[in-house]
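Biologist: Please take a close look at the cysteines for me, and then follow the trail outward from there. I'd like to hear which side chains pair up, and where the backbone does something odd.

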Amino acid sequence: MNFTRWSARLPGTQRRTAARAAIKAQQPSDAARAAEAGASGSGTSDGRSHSRDGTGRDDAEADGPLLPAGPAVPVTGEAPTVPGARTRAGTGDGSGAGARPPREPSAGPGARGLDELSVHHLLGQVPALVAVVHGPEHRIVFVNDAYAAVFGSRPAGAPAREALPELAELGLLPLMDQVLRSGRPRTVKSRRVRARSDGGARDGYYTFTCTPLSTGGSGGVLVFAADVTDQVEAAERLRASERRQREAAVTLQRSLLPQELEQPDDLRVAATYQPGGTDAAVGGDWYDVITLGAGRTALVIGDVMGRGVRAAAVMGQLRTAVRAYARLDLPPHEVLQLLDGLAAEIDANQIATCVYAVHDPNEGLLSYASAGHVPVLVRDPDGTVHRTGEHTGPPLGTGGWLHTSGSLPLAPGATAVLYTDGLIERRDADIDEGVAALEHAFSGATGSPEIICDRLLRSLGITAEHDDDVALLVLQHPVRTGPDAELFHNAALDLLGGTEAAPRARAFASGVLASWRFPPELCDLGVLAASELVANSLQHGTPPMRLRLRRTDRRLIVEVTDGDEHLPRRRRAEPADEAGRGISIVATIASNWGSRRTPDGGKSVWCEFALPAAGTP
């Protein structure tokens with residue numbers, strides 16, 4: 001598009017063009033102005049009469065304001081550029097005919113030109129440290145008073161390597177060589193300067209800038225040092241304060257985690273927690289190991305979204321609630337269902353993920369339920385890794401979802417790992433890639449659970465600078481061999497035939513406990529507990545019924561299962577009652593007892609006896 005042609009048609013363009021032409025026609029030519037100046041001289045009323053427009057104003061004043069008054073500027077052959085200066089309208093660049101030079105105010109009586117000040121005077125007044133050196137050997141030309149106050153006076157003409165040892169100690173001499181060669185300034189920040197032994201300036205920090213100087217021959221370097229001691233000390237105090245706050249936050253976080261993991265009879269367990277980042281805000285990752293009784297163990301890991309004290313507080317409440325719900329010995333999905341409602345009550349704006357798993361050594365299974373959490377990994381004894389992909393619901397606190405439970409085999413020799421997303425999630429990669437990387441690292445990680453934790457952290461690149469919290473829980477079902485295997489036994493009897501099953505159960509329990517070489521007192525207590533539990537099941541339960549005896553290196557477990565789902569309760573029997581004392585007797589003689597519903601719709605009632613000493617047959 002021809003903008004010039006179209007712009008002539010824009011509103012107001014014709015009027016502005018006509019005004020410029022009229023102003024130009026009123027201006028006298030250079031020849032006429034020179035003749036007039038020769039005839040009458042400049043500054044007379046006659047010489048100014050042609051510039052009046054009938055209103056008593058000069059034509060420059062009529063066309064526009066004059067250049068503003070400003071300081072004197074030395075003449076260099078070119079019109080200087082003054083910020084804010086304006087030229088007469090109609091001249092375009094201010095250099096055409098009719099342009100008037102700016103009026104310069106005269107210097108006051110006390111004014112002093114910059115050229116009258118010496119370089120020594122100027123640099124000597126600077127509060128910063130200044131040194132000027134010259135030539136390839138950096139011979140001293142000048143040091144100001146501030147420099148001498150810190151480092152002492154220096155002789156002029158001496159090379160810097162000999163006369164300025166402080167610059168060598170600070171590593172500035174190679175930098176000055178580089179500045180001299182390249183002609184570009186260089187800066188080093190926050191270098192510490194020691195106080196002089198003669199009681200000079202105190203220790204401090206200075207930022208040194210080396211600037212090249214050109215003197216027509218060999219160049220020089222101006223060394224300028226600004227005192228940044230206050231800034232460095234303030235930054236150090238801030239870092240120390242942040243460090244203390246972070247230590248307090250991490251202490252709070254760790255205090256909400258288990259101080260010592262429970263070690264089940266049939267599992268080896270290890271866990272680790274590593275806070276992410278360097279700020280004071282920790283996350284809401286947590287884990288726990290809960291012994292349920294009868295050899296069963298609950299394993300929990302979760303992550304509250306967000307960081308800070310609020311996330312840690314929600315995490316602490318959820319962990320406490322999990323331990324309370326676990327005492328009910330509910331299936332994993334029912335525990336998550338209760339947690340879901342509680343999480344919404346604690347804080348509707350906080351979202352948390354969680355995995356709740358239960359290991360049953362009698363079944364050799366790991367039952368689990370997940371609420372929006374990353375999958376559990378299980379490695380078989382042959383090294384094959386399985387991932388829990390199903391039975392995963394939304395995070396806790398969302399509500400309106402029925403969680404379900406799943407299971408994976410956990411045979412002797414198998415290992416499982418539960419973790420939070422900080423272990424596998426990266427900003428530049430998909431989370432599935434992180435899970436695949438963990439699977440690969442887990443397949444080759446052998447050794448004890450503690451060693452596996454360390455190897456997984458190293459394989460996934462988790463360091464102290466990692467930007468997210470990481471919680472990791474490893475459980476291992478060891479293979480028992482040799483003398484250790486003699487401490488773990490199982491025996492079971494199906495209870496058939498009605499009431500006549502009671503004497504068979506007593507005889508079975510007596511023979512098994514004697515074969516396990518328990519002390520007579522413990523054998524008698526075990527037979528009594530088995531008799532009472534079997535009698536209770538025969539009276540109140542339905543088939544199928546089974547008596548199971550199990551020993552570990554630390555306890556004796558007596559368990560009876562039947563097909564009825566009503567759980568027994570301990571109650572106080574009246575003196576005239578003929579029944580109702582069985583559970584009370586069991587609770588009195590046993591170290592612990594409990595009951596739970598089984599997945600097939602029945603129930604299990606059990607009790608435990610602590611062995612006199614660990615490892616005693």
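**From the cysteines outward**

Modeller: Let's begin with cysteine 354, which is buried, its relative accessible area being 0%. Bear in mind that we're looking at a predicted model. Cysteine 523 counts as buried too, at 12% relative accessibility, because the cut-off for buried is under 20%. As for disulfides, the count comes to 0; a pair would need its sulfur atoms within 2.5 Å to be counted.

Cysteine 523 gives us a way into the rest of the fold. Its C-alpha atom is 10.0 Å from that of leucine 556, and the two residues are 33 apart along the chain. Leucine 556 belongs to strand β19, which covers residues 555-562, and with a relative accessible area of 0% it is buried. There's another leucine worth a glance: leucine 366, in strand β10 (residues 365-371). Leucine 366 is buried at 2% relative accessibility, and its C-alpha atom lies 9.3 Å from that of alanine 411, with their positions 45 residues apart along the chain.

Now for the backbone. Most residues other than glycine have a negative phi, and most peptide bonds are trans. Against that background, look at proline 543 and proline 544: the peptide bond joining them is cis, with omega at about 0°. Proline 544 sits in the loop between α17 (520-540) and β18. Then there's arginine 517, a residue other than glycine with a positive phi, near 60°. You'll find arginine 517 in the loop between α16 (501-515) and α17, and at 66% relative accessibility it is exposed. Serine 190 also has a positive phi, near 55°, but its setting is a strand, β3. With a relative accessible area of 37%, serine 190 is partly exposed.

On to the charges. Side chains of opposite charge can pair when their charged atoms come close. Searching the whole structure turns up 23 salt bridges, and a few deserve a closer look.

Strand β3 brings us to one of them. Arginine 192 and aspartate 203 form a salt bridge in which the closest N and O atoms are 3.5 Å apart. What does that pair tie together? Arginine 192 is in strand β3 (186-193) and aspartate 203 is in the loop between β3 and β4 (204-213), so the contact ties together parts 11 residues apart in sequence. Aspartate 203 has a relative accessible area of 31% and is therefore partly exposed, and arginine 192 is partly exposed as well, at 40%.

Strand β18 holds another. Arginine 550 pairs with aspartate 266, and here the closest N and O atoms are 2.3 Å apart. This salt bridge links distant parts of the chain, 284 residues apart: arginine 550 is in strand β18 (residues 545-551), while aspartate 266 is in the loop between α11 (229-256) and β6 (268-274). How covered are the two partners, buried or exposed? Arginine 550 is buried, at 5% relative accessible area, and aspartate 266 is buried at 6%. There's also a network in which salt bridges share partners: Arg296, Asp329, Asp360, Arg548, Glu559 and Arg596 are joined into one.

For a pair with some access to the outside, try glutamate 137 and arginine 139, whose side chains meet in a salt bridge at 2.6 Å, N to O. Glutamate 137 is partly exposed at 43% relative accessibility, and arginine 139 is partly exposed with a relative accessible area of 36%.

Last stop: charge gathered on the surface. Asp428, Asp430, Asp432 and Glu433 form a patch of negative charge there. One of them, aspartate 432, is placed in helix α14 (residues 431-444). Its relative accessible area is 48%, so aspartate 432 is partly exposed, as the cut-off for exposed is over 50%.

So to retrace the trail: the cysteines give a count of 0 disulfides, because no pair meets the 2.5 Å limit. From cysteine 523 we got to leucine 556, 10.0 Å away between C-alpha atoms, then to the cis bond between proline 543 and proline 544, and on to the salt bridge of arginine 550 with aspartate 266.

How values were computed:
Residues numbered from 1 in each chain as written. Predicted model: local features only at pLDDT ≥ 70, side-chain atom pairs only at ≥ 80, totals over all residues. Heavy atoms only, no water. Salt bridge = Lys/Arg side-chain N within 4 Å of Asp/Glu carboxyl O. Buried < 20%, exposed > 50% of the residue type's maximum accessible area, 1.4 Å probe, protein only. Helix = DSSP H or I, 4+ residues; strand = E, 2+ residues; numbered from the N terminus. Patch = residues over 30% accessible without salt bridge, like charges linked within 9 Å, V, L, I, M, F, W, Y side chains within 5 Å. Areas by Shrake-Rupley, 256 points an atom, 1.4 Å probe, with all protein chains shown as cover. Lys, Arg positive; Asp, Glu negative; His and termini not counted. Charge placed at Lys NZ, Arg CZ, Asp CG, Glu CD.
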